[in-house]
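I opened this notebook to record what I looked up in the structure. The entries follow the order in which I consulted the record and the coordinates.

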Amino acid sequence: MTQNLTALSQNDDFLTRHIGPDESQTAAMLHTVGASSLDDLIQQTVPASILRGEMPLPAPQSETATLNRLRTIAAKNQVARSFIGAGYHGTITPPVILRNVLENPGWYTAYTPYQPEIAQGRLEVLLNFQQMVIDLTGLELANASLLDEATAAAEAMAMCKRSARKNKSNVFFIDNSCHSQTVAVLKTRALPLGLEIVVGDAETELASTPCFGVLLQYPATDGSVKALTTISAQAKAQDAMTVVAADIMSLILLTPPGEQGADIVVGSAQRFGVPMGFGGPHAAFFATRESFKRSIPGRIIGVSIDSRGNQALRMAMQTREQHIRREKATSNICTSQALLAIMAVFYAIYHGPEGLKTIALRINRMTGIFAAGLSQLGYTTNTAFFDTVSVNTGDASTSIADRAEAALLNLRRGTQQLGVSFDETTTTDDIEQLWQIFAGDKPLPSVSALDQSLGNMPGIPASLERKSSYLSHPVFHQYRSETEMLRYMNRLERKDIALNHSMIALGSCTMKLNATTEMIPISWPEFSNIHPFAPRSQVTGYLQLIDELEQQLMACTGYDKFSMQPNAGSQGEYAGLLAIKRYHESRGDAARDICLIPSSAHGTNPASAAMAGMRVVIVGCDQLGNVDIADLRQKAERHADQLSALMVTYPSTHGVFEEGIREICDITHQYGGQVYVDGANMNALVGLAAPGEFGADVSHLNLHKTFCIPHGGGGPGMGPIGVKAHLAPFLPSHPVFPVEGLDPQNDTVSGATYGSASILPISWAYISLMGGTGLKKATEIAILSANYIATRLHEHYPVLYTGRNGRVAHECIIDLRPLKESTGISEEDIAKRLMDYGFHAPTMSFPVPGTLMIEPTESESKMEIDRFCDAMIHIRREVGRVESGQLPADNNPLVNAPHTLADIVADWDRPYSREEGSFPVANLREGKYWPTVNRIDNVYGDRNLICSCPPIESYMAD
Ligand SMILES: *Cc1c(COP(=O)(O)O)cnc(C)c1O
């Protein structure tokens with residue numbers, strides 16, 4: 001081989017790192033599935049009618065070049081000192097958490113804990129999160145995080161409506177102390193549900209306003225602090241519920257809302273160590289009273305027992321989740337913000353109650369000193385405060401704010417006032433600089449003199465000083481040294497299976513490589529330390545990145561415009577349906593409110609349609625799993641005057657490229673409807689076919705599936721929507737930081753303009769690294785890998801649905817119902833048995849009960865896929881031994897799975913060996929993962945619902 005520079009290309013070609021199978025593995029897999037080439041396989045699989053030409057995307061870039069390019073974009077953001085507040089604050093991420101959680105694939109590549117036996121680590125942290133929220137809010141029950149404060153408030157409004165049954169009012173009262181973005185999201189959410197929002201002064205107007213609920217901000221958005229008791233008592237007298245949106249840090253010093261009559265407390269856990277990130281991702285919290293435990297939205301982690309009676313954790317009331325309730329659902333939350341909730345509670349564990357108190361006291365004291373200095377300078381402010389003062393600046397407001405901005409000090413602008421909000425990162429230097437801006441030519445006050453003159457907790461009314469204790473559970477006391485903290489985090493991490501251990505073949509969820517190069521930029525200060533309401537001039541890097549990502553996604557999908565606001569797929573569905581609704585309304589077609597949804601749809605689809613005020617009509621599927629086109633036509637025709645939309649997933653949730661997709665779109669259009677294609681399965685389409693070209697009007701993309709944002713153990717995610725031009729005017733905007741080119745009055749679906757903006761560099765980097773050719777190749781390999789698995793497994797397990805030429809798309813469903821029939825061994829037994837082989841189970845019983853849906857993705861090598869197939873085949877043999885009577889139906893490696901270390905060191909009287917129990921295949925000897933609990937009893941946990949940390953004695957019971 002010649003050795004010149006052309007032949008010796010730099011060894012950082014990303015494609016070969018992202019795509020698992022190399023050329024020889026690809027050839028072997030093609031041979032197994034009986035295709036002569038990738039092209040041949042794609043011709044056999046994807047309908048010719050939708051195949052597209054080349055995507056208008058640049059060539060693949062190296063990892064080095066991509067990081068360099070991102071650095072120049074990041075450098076265009078200016079990291080100012082932010083005093084804007086309004087729900088977003090500077091914070092210090094303890095480095096031990098930054099490196100070992102946020103930057104650690106053991107945490108960020110985990111999946112949602114639907115398989116609790118291999119997720120005890122993150123379940124424990126999320127239970128700690130609930131305990132923290134319970135303690136700080138003074139309520140009895142909390143969920144394990146929602147998407148952001150504004151949407152959490154909207155969930156609270158919906159919960160009030162369904163809980164305050166005796167109350168017939170449709171009015172939700174919002175006190176004018178609330179953050180503007182929260183008000184905007186509530187207004188958006190209220191309208192389609194037929195609810196009316198009244199914004200006013202609760203103190204004076206609530207009594208004369210019949211309503212079913214009231215929302216207060218604590219402390220108020222302008223920083224003032226007022227007691228909640230009178231208003232909550234007034235609400236109660238009216239049979240209305242009280243919701244309080246609270247600042248988590250203030251609750252350390254202030255009497256918690258739960259002790260002042262609040263029924264629901266929501267808020268953001270951002271300032272507990274999670275960077276502002278231009279708006280997200282951050283975990284919101286939601287707490288309520290015990291009596292509402294059956295109607296709380298989102299995930300709740302609960303305590304249960306395993307088959308040996310030992311304590312074990314799992315998601316409580318899973319069957320209550322949205323995919324079961326479907327069109328009767330009241331919330332569509334799926335992906336939430338698990339990783340960020342985990343970071344926030346680790347922050348509380350790291351600091352402990354004393355450390356948190358010091359932080360809160362310091363923030364408050366800085367604020368007190370600053371306010372006292374302002375008063376010396378002749379300004380007036382609110383006198384009751386925790387961390388925020390609103391300075392009465394009158395006509396000088398703009399000039400003062402401009403001066404501050406020029407010095408990279410961002411204040412919150414008002415017409416006659418300026419807001420100044422302090423946080424953990426505030427220094428006395430900041431205070432002096434700010435005084436200078438406000439002082440004009442007056443002499444500056446002295447920090448130390450004021451510090452000496454002030455009493456304890458300046459600005460906090462004595463009657464509102466917190467008396468109750470919090471975070472008394474040992475977990476908040478034991479891990480203060482970095483050594484202990486590190487080991488605690490590591491101990492929990494090792495209890496769980498994540499992508500750094502083995503493939504997670506989750507159908508519909510696309511658990512692919514989250515490359516290190518893609519992840520690195522998210523912790524750069526130019527991306528992480530930016531307030532979402534920072535002046536536009538300081539975020540040109542972000543706006544460029546968002547614009548470029550939009551162009552990239554348009555190239556991938558064939559759409560004309562994107563909105564980055566929805567911060568999860570579910571929120572994208574909601575935003576997309578609202579755009580459709582607005583479009584119909586703009587044409588005088590307001591009566592269109594029917595949404596056709598195939599019976600196989602993901603649960604979020606009907607839930608989102610219900611939230612958008614649509615009536616759901618289910619369309620059947622035929623025996624092959626395809627949309628029953630005759631049924632579709634009939635229903636579209638029957639509802640022709642009211643048809644608003646069709647929601648369909650493509651390729652279908654059955655993992656098949658339906659040949660009729662164009663016809664399905666045409667029929668919908670013919671009867672005046674719009675087509676929503678759920679983009680969760682885009683990993684089978686990118687580079688091959690584009691929804692915007694085959695007839696769809698709008699789609700969300702799950703950037704945390706197809707475009708490499710990691711799942712974080714249940715979030716973060718991003719669900720941007722792409723639309724055809726006619727829907728573009730109806731995309732969401734924002735009251736504080738409007739989207740250019742859109743009416744600022746448009747709907748608002750998230751607290752921040754660009755949702756979870758700080759994780760967008762991940763998808764940008766992925767697309768840049770792969771280029772058009774790489775993305776197409778990835779899709780082809782994903783399809784090859786799924787067909788390879790289907791081919792290898794079909795002799796052992798029936799593959800449920802296939803398309804033309806017997807091909808599946810990027811995932812395949814294996815049917816376990818016949819086995820259950822003949823042996824009693826269930827899909828659950830097989831899922832749990834896979835844990836003994838070191839694997840996370842594929843998607844269980846979605847979309848078809850009694851099945852597993854397997855999606856390998858392009859990132860898994862043939863070696864790993866074979867290891868998985870071998871495990872499945874080996875498990876089938878184990879089932880065979882039960883079938884033949886060699887092993888009893890109620891005592892075999894399947895029903896006893898998973899096996900823990902404790903199992904095999906204990907006395908052993910089972911009809912199979914310890915070896916067969918825990919080391920069924922030889923390769924496990926190289927690196928065995930040990931489940932830490934036995935099979936968990938879900939029913940027990942739901943009957944005895946415990947959603948807070950059990951007392952420490954219960955851990956020590958045995
Ligand atoms: C994952 C998924 C969703 C929901 O997306 P989230 O980001 O979890 O809210 C919707 N539809 C399908 C088909 C999915 O797989």
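Entry 1, annotated domains. I began with the UniProt record, an unreviewed entry, which places the feature "domain: Glycine cleavage system P-protein N-terminal" at residues 17-438 and 460-732. I note that the model I am reading is predicted. For residues 460-732 I looked up the secondary structure and found 33% helix and 11% strand. The end C-alpha atoms of residues 460-732 are 38 Å apart. The unreviewed entry also carries the annotation "domain: Glycine dehydrogenase C-terminal", which covers residues 778-899. In the span 778-899 I read 45% helix and 8% strand, with the end C-alpha atoms 36 Å apart.

Entry 2, the annotated lysine. I then turned to Lys705, which the unreviewed UniProt entry annotates as "modified residue: N6-(pyridoxal phosphate)lysine". I located Lys705 in the loop between β20 (698-700) and β21 (721-723). Is Lys705 buried or exposed? Its relative accessible area is 9%, and because buried means under 20%, I recorded Lys705 as buried.

Entry 3, the ligand shell. I next listed what surrounds the ligand and obtained 14 residues, the closest being Thr335, Ser508, Gly569, Asp678 and Lys705. By class, I entered 3 nonpolar, 8 polar and 3 charged residues for this shell. Which helix gives the most to the shell around the ligand? I found that helix α21, residues 569-586, does so with 3 residues.

Entry 4, polar contacts and cover. I examined the ligand's oxygen atoms for short distances to N or O atoms of the protein. For Thr335, I read 2.6 Å between a polar side-chain atom and an oxygen atom of the ligand. For Ser508, an N or O atom in the side chain is 2.6 Å from an oxygen atom of the ligand. For Gly569, the atom concerned is a backbone N or O, and it lies 2.7 Å from an oxygen atom of the ligand. I then checked the cover: on its own the ligand has 390 Å² of accessible area, and the protein covers 99% of this.

Entry 5, helix α20. Finally, I inspected helix α20, which has 18 residues, 540-557. I read 25 Å from its first C-alpha to its last, close to the 26 Å expected at 1.5 Å a residue. How many of the residues of α20 are buried? I recorded 13 of the 18, and I therefore describe α20 as mostly covered, buried being under 20% relative accessible area. After α20 comes Gly558, for which I noted a positive phi, near 80°.

How values were computed: Residues numbered from 1 in each chain as written. Predicted model: local features only at pLDDT ≥ 70, side-chain atom pairs only at ≥ 80, totals over all residues. Heavy atoms only, no water. Near = heavy atom within 4 Å. Polar contact = N/O pair within 3.5 Å; in protein donor to acceptor, adjacent residues only side chain to side chain. Areas by Shrake-Rupley, 256 points an atom, 1.4 Å probe, with all protein chains shown as cover. Helix = DSSP H or I, 4+ residues; strand = E, 2+ residues; numbered from the N terminus. Nonpolar A, V, L, I, M, F, W, Y, C, P; charged D, E, K, R; others polar. UniProt positions renumbered as here; feature names shortened; annotations may be inferred. Expected span 1.5 Å × (residues − 1). Buried < 20%, exposed > 50% of the residue type's maximum accessible area, 1.4 Å probe, protein only.
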